[in-house]
Amino acid sequence: MDTKYKTSGRVIISDTTLRDGEQAPGVAFTRKEKITLAAALSDAGVDELEVGTPAMGAEERHTIREMARLKLKSPLTCWCRGTAEDLELAMECGTQGVHLSFPVSDRLLAATGKEAGQVIEALYILVARAKTAFDTCTVGAMDASRAQRKTLDAFVRCAREAGASRVRLADTVGIFTPHAVSRLVTGLKATVPNMPLEFHGHNDLGMATANSVAAAESGIEALSVTVGGMGERAGNAALEEVAAALAWGTPLSTGIELTDLPRLCALAEQITGISPPPTKPITGAAVFTHESGIHAHAMLKDPTAFQPFAPDAVGREAPTIVAGKHSGTSALVHILAKEGIRMSRKKIAAAIPIIRREAENKKQGLTPREVTAICLGHGQNGSKKMPPAARCATSKARCECSNPRSSGCHIR
């Protein structure tokens with residue numbers, strides 16, 4: 001296992017979109033779709049790809065073999081339960097790595113009819129067998145967030161002795177908080193040094209990204225993510241959120257090409273048919289859109305005044321200023337200027353009450369065309385009450401165009 005990242009502030013990103021992401025209700029990838037996603041993820045700089053579960057059947061194994069033949073830059077890994085049967089099936093697939101998952105909490109041990117001693121015995125046997133066929137063998141502590149600490153310590157210690165490449169700490173039901181993650185990672189690093197760790201977070205309480213960042217800041221070597229956070233129930237830690245959060249919120253780094261994030265998320269959306277909400281961090285349609293007068297005024301002077309980073313840093317277009325209930329004069333001047341309209345701030349200010357009322361009635365922002373119509377006195381629902389000085393066709397306004405009512409009218 002390459003551990004050079006620990007000294008350079010580099011965090012390994014292990015993407016499981018093609019395995020855990022596909023477990024989201026209603027998501028089912030075809031072979032072609034899996035191959036397309038795998039290639040896109042590799043091109044974006046993802047370090048490792050967890051691409052499927054061989055025990056699902058012959059069709060899944062065929063798909064995994066097809067991906068393995070691509071010889072992508074990112075090494076591929078199969079996911080297995082901690083059983084000899086699953087491991088033997090994985091050995092048919094041609095991937096560079098394998099992941100063996102074991103229950104470690106009392107609850108899951110009981111649910112699977114196992115005891116902690118049996119898990120440890122299987123760990124030694126299966127890791128030894130896996131090392132004869134794979135470059136890397138990672139092992140998973142399933143439900144680590146609900147495991148007794150002594151059980152988890154023993155599991156990690158035995159994984160190190162068995163020669164596992166890394167141990168994945170899975171917050172299987174998404175109950176961790178950042179403080180709890182940090183405490184666990186720090187403790188394990190002290191108790192079982194020189195054992196690379198990975199964190200796999202679920203988003204049941206909305207903290208998968210925060211927990212992943214906390215794990216990285218606490219010294220964990222790798223993070224398990226999915227594109228868009230897709231996954232079971234509330235999903236997993238989102239690749240784009242984790243990569244951006246590490247880049248701008250910490251001194252740590254990943255190999256992800258951040259400008260590829262919109263393309264990756266758009267591809268996943270196209271394949272799954274699941275559209276993210278407009279406020280989805282990093283890739284949501286509205287996350288670089290500003291309406292508030294205070295925000296818009298400052299943004300026009302300094303594009304980073306109310307943004308953590310420039311949109312083009314993550315492959316997005318320039319920020320958008322829209323007209324709405326909270327808009328001020330500066331925003332409207334900007335919107336009108338982009339439409340080729342020049343108008344005094346005084347006249348624009350007179351239109352603000354109508355624009356705000358329209359936005360309130362519509363329950364959404366106004367289009368540039370609607371703003372133009374209102375400011376030129378051509379709006380509806382009360383815009384006829386505009387003060388005459390703000391209306392293009394009135395004799396009190398000086399107009400230089402041949403058609404005062406055209407959208408190209410330039411009022412000064």
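User: How do I read the packing of α2 and α3, and at what angle do they pack?

Analyst: In general, two packed helices are described by the angle between their axes and the distance between the axes. This is a predicted model, and here α2 and α3 pack at about 35°, with axes 10 Å apart. Their crossing is right-handed.

User: Which residues of α2 and α3 make the contact?

Analyst: On the α2 side you have Arg-31, Lys-34, Ile-35 and Ala-38. On the α3 side you have Glu-59, Glu-60, His-62, Thr-63, Glu-66 and Met-67. Sort the contact by class and you get five charged, three nonpolar and two polar residues.

User: Let's stay with α3 for a moment. How does α3 lie on the strands, and at what angle to β2 does it run?

Analyst: Helix α3 lies across β2 and β3, and runs at about 150° to β2. It's also the link in the chain path: going from β2 to β3, the chain passes through α3 (residues 58–69), and that β-α-β crossover is right-handed.

User: Arg-61 lies in α3. Is Arg-61 buried or exposed?

Analyst: The cut-off for buried is under 20% relative accessible area. Arg-61 comes out at 14%, so Arg-61 counts as buried. If you set aside its neighbours within four places in sequence, Arg-61 is in contact with Pro-54, Leu-89, Glu-92 and Cys-93.

User: Now the strands. How many of the residues of β2 are buried?

Analyst: Five of the five, across residues 48–52, so β2 is largely enclosed by the rest of the structure. Strand β3 is mostly covered as well, with five of its six residues buried.

User: What should I keep in mind about side chains when I look along a strand?

Analyst: In a regular strand the side chains alternate between the two faces of the sheet. For the pairing in this model, go strand by strand. β1 (residues 12–15) pairs with β2 in the parallel sense over two bridges, and Ser-14 stands opposite Glu-48 in β2. As for the connection, β1, helix α2 (residues 31–43) and β2 make a right-handed β-α-β unit.

User: How many bridges join β2 to β3?

Analyst: Three, and the two strands run parallel, with β3 covering residues 76–81. To find the register, look at Leu-49, which stands opposite Leu-76 in β3. Another pair to click on is Glu-50 with its bridge partner Thr-77 in β3.

User: And how many bridges join β3 to β4?

Analyst: Five bridges join β3 to β4 (residues 97–103), again in parallel. Cys-78 has Val-98 as its bridge partner in β4. Between β3 and β4 the chain goes through helix α4 (residues 84–90), in a right-handed β-α-β crossover.

User: Zooming out, what do the eight strands form?

Analyst: They form a closed barrel with parallel pairing, running β1-β2-β3-β4-β5-β6-β7-β8. From one strand to the next, the twist averages 25°. So much for the tour: you can trace the barrel in that order on screen, starting with the two bridges between β1 and β2.

Notes
Residues are numbered from 1 along each chain as its sequence is written. This is a predicted model: local features need pLDDT of at least 70, side-chain atom pairs count only at pLDDT 80 or more; totals for chains, interfaces and linings use all residues. Side-chain values use heavy atoms; hydrogens and water are left out. Buried means under 20% relative accessible area, exposed over 50%, partly exposed in between (1.4 Å probe, protein chains only). Helices (H or I, at least four residues) and strands (E, at least two) are DSSP runs, numbered from the N terminus. Two strands pair if DSSP finds at least two bridges between them. A crossover is right-handed if, with the strands pointing away from the viewer, the path from the first strand over the helix to the second runs clockwise. Axes are lines fitted to C-alpha atoms, for helices over the stretch in contact, and angles run from 0 to 180 degrees between N-to-C directions. A crossing is left-handed if the near helix is turned anticlockwise from the far one by less than a right angle, and right-handed if clockwise. Contact means heavy atoms within 4.5 Å. Ala, Val, Leu, Ile, Met, Phe, Trp, Tyr, Cys and Pro count as nonpolar, Asp, Glu, Lys and Arg as charged, and the others, Gly among them, as polar.
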